[in-house]
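Colleague: I have a model open and would like to go through it with you. Could we begin with the confidence and then turn to the fold?
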Amino acid sequence: MGILAEIKEKLDDWELDLFRRSCFGHFLDLEPEWLEGGKTGKRNTFAGQLVHFLLLRRMRTSKKKEMWFLVEGKPARFSLTEFAMVTGLHCSAIPKISTEQSLRLKNRLRDLYFEGRSQIKQDDLVRGFQSMFNEGEGSGKKEKRKKKKAAKRGQEREDRVKVALVYFLEGVLLSADAKKNIFDFYLSMVDDLAMFNAYPWGSEVYDLTFDSLSSKNLVAKYKERLAKPQEKQVPGVKETYTLLGFPFSFQVSC
């Protein structure tokens, strides 16, 4: 099951409504297979071959943070403008978090649902999110007491939405490596929903997507492979690579 499908399945109507009113809420209107078809068991609409085709046709330009391609003799551009149109995310300048704002942020969610770990991997984020729906699972006595107090205050349902937002951000929009630590600052920021929703996540996601796409110098690699003597080329072996960020936006915009 994909992340979006799991969020839709686990959150109740009230929680889904709160998620819908967030900066990522409009993604709920998409069918899960549109974003992560391979994880849903259905045909994936992300076409890796198309992305590879486009990257092989990248043009050299002096433009920073833009990519240009020559397709059927016509130029095509991928920039923050196209990314914003496709994703609907806020794409203004990334602000510096002030000292005052940093002091307001706390590690409540990390302490309560992730046992106060200083390092949280995406796998931990998955288990932490899922355990929020399984009463008493994966917590010590101290954490259980805190969860009961949160439940009495009605905080637990809001917490589920907050962790779901970070889960969606890390797993879908950033396509983070499951073996690497997540940026736990996100768990602190999401505890202030107003700050989290106002943050220009589009710019953050675009930067990672652009840098990942730009790092694949496929034309040079292709020429290098052609220059190899035939006997040194291993038949049937295909080169693969991983794209971070939200490359689905790149496919749609081009």
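Modeller: Certainly. This is a predicted model, with an average pLDDT of 81 over the protein. Of the residues, 72% score at least 70.

Colleague: Which elements have the lowest and the highest mean pLDDT?
Modeller: The lowest mean, 58, belongs to helix 9 (residues 141-152). The highest, 97, belongs to helix 2 (residues 13-20).

Colleague: On to the sheet. In what order do the strands come?
Modeller: The order is 1-2-3, in an open sheet of three strands with antiparallel pairing. Strand 1 (58-59) and strand 3 (74-78) are the edge strands, each pairing on one side only.

Colleague: And how many bridges join strand 2 and strand 3?
Modeller: Five bridges, in the antiparallel sense; strand 2 covers residues 67-71. Within this pairing, M67 is opposite F78 of strand 3.

Colleague: Which helix lies across these strands?
Modeller: Helix 13, residues 201-214, lies across strand 1, strand 2 and strand 3. Its angle to strand 2 is about 55°.

Colleague: A different topic: S203. Where is that residue?
Modeller: S203 is in helix 13.

Colleague: Is S203 buried or exposed, and why?
Modeller: S203 counts as buried because its relative accessibility is 6%, and the cut-off for buried is under 20%.

Colleague: What does S203 touch?
Modeller: Leaving aside residues up to four places away in sequence, S203 touches L80, H90, C91, S92 and I94.

Colleague: What lies 2.5 Å from a polar atom of the S203 side chain?
Modeller: That is the backbone oxygen of S92.

How values were computed
Residues are numbered from 1 along each chain as its sequence is written. This is a predicted model: local features need pLDDT of at least 70, side-chain atom pairs count only at pLDDT 80 or more; totals for chains, interfaces and linings use all residues. Side-chain values use heavy atoms; hydrogens and water are left out. Two strands pair if DSSP finds at least two bridges between them. Helices (H or I, at least four residues) and strands (E, at least two) are DSSP runs, numbered from the N terminus. Contact means heavy atoms within 4.5 Å. Axes are lines fitted to C-alpha atoms, for helices over the stretch in contact, and angles run from 0 to 180 degrees between N-to-C directions. pLDDT is the predictor's confidence in each residue, from 0 to 100. Buried means under 20% relative accessible area, exposed over 50%, partly exposed in between (1.4 Å probe, protein chains only). A polar contact is a pair of N or O atoms within 3.5 Å; within protein, one must be able to donate a hydrogen and the other to accept it, and residues adjacent in sequence count only if both atoms are side-chain atoms.
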